[in-house]
Amino acid sequence: MAKFSYTIQKSDASRAEGSLEAADLDAAREKLAREGVVLKLVESRGPALGWPGGGVSRRDRLGFTRELAALLRGGVPMARALGLLTKNARSPALKKALAGVLAKIVGGSALHAALRAEPRAFPPLYCSMVETAEASGKLVPVLKRLAEHEQARLKLESMGVTIEKLTPE
């Protein structure tokens, strides 16, 4: 069981903080929803992304996404592009995640499935958008949009704007 800390808005509009244990992120969200609370913020007090053993930072994911889009737009095959990005990744967490993604791609998996196998690096929304992009044949434009989304989130966070998130401690 992972431990989560959170901030909620009570019915009288006041805020309250607390923590809970749950099997995963979805279970924590469900537990809070069953209690009838409005989730405002849950912060990680652990390593990057709050996952045990660390994770990939938003900035690293942004760089990866931009670079993958550029390589694919330039006609580089997927496996080759992932190989180059894995080799050149500066973050050990990103390098490890990309090595896993590359192995799945070489083994015949679709990109979205390979990304889902690395949840410490690629959140569910990211994987779902890639899945839709693959199905529609619009992977490069969607990767560019994902990069814009990550950039916007970084900018908001740098301004002190908190976006709802629920991550393990």
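1. Let's start with arginine 61, which counts as buried because its relative accessibility is 3%, while the cut-off for that label is under 20%. Please keep in mind throughout that this is a predicted model. Arginine 61 sits in helix H2. Where does the side chain of arginine 61 reach a backbone oxygen? The partner is alanine 121, whose backbone oxygen lies 2.8 Å from that side chain.

2. Arginine 58 is worth a look as well, since helix H2 holds this residue too. Is arginine 58 buried or exposed? With a relative accessible area of 16%, arginine 58 is buried, because anything under 20% falls in that class. Leaving aside residues up to four places away in sequence, arginine 58 touches Glu150, Arg153, Leu154 and Glu157. That list of neighbours includes two glutamates, Glu150 and Glu157, which you may like to display together with arginine 58.

3. Now to the second largest pocket, for which the computed volume is about 260 Å³. Three elements each give two or more residues to its lining: helix H2 (58-73), helix H3 (78-88) and helix H4 (92-106). Which of these elements gives the largest share of the lining? That is H2, with five residues.

4. If you would like to select the lining by residue, here it is. The second largest pocket is lined by Arg59, Asp60, Gly63, Phe64 and Glu67, together with Leu85, Asn88, Ala89, Arg90, Ser91, Leu94 and Leu98. How many residues of each class are found in this lining? The split is five nonpolar, four charged and three polar residues. Among the charged ones are Arg59, Asp60, Glu67 and Arg90, and the nonpolar ones include Phe64 and Leu85.

5. A few words on the fold as a whole. The protein has three strands and seven helices. Read from the N terminus, the order of the elements is β-β-α-β-α-α-α-α-α-α, so by the numbering of helices from the N terminus, H2 comes right after the last β in that string.

6. Last, some totals for the protein. Of its 169 residues, 36% are buried, and arginine 61 and arginine 58 belong to that class. Among contacts with a separation of 6 or more, 52% are between residues 24 or more positions apart. The accessible surface comes to about 9,500 Å², and carbon and sulfur atoms account for 53% of that area.

Methods:
Residues numbered from 1 in each chain as written. Predicted model: local features only at pLDDT ≥ 70, side-chain atom pairs only at ≥ 80, totals over all residues. Heavy atoms only, no water. 1 Å grid on protein atoms, 1.4 Å probe; cavity = no way out; pocket = protein on both sides within 12 Å on 5 of 7 lines; lining within 4 Å. Points joined across faces, edges and corners; volume = space filled by probe spheres on them. Helix = DSSP H or I, 4+ residues; strand = E, 2+ residues; numbered from the N terminus. Buried < 20%, exposed > 50% of the residue type's maximum accessible area, 1.4 Å probe, protein only. Contact = heavy atoms within 4.5 Å. Areas by Shrake-Rupley, 256 points an atom, 1.4 Å probe, with all protein chains shown as cover. Polar contact = N/O pair within 3.5 Å; in protein donor to acceptor, adjacent residues only side chain to side chain.
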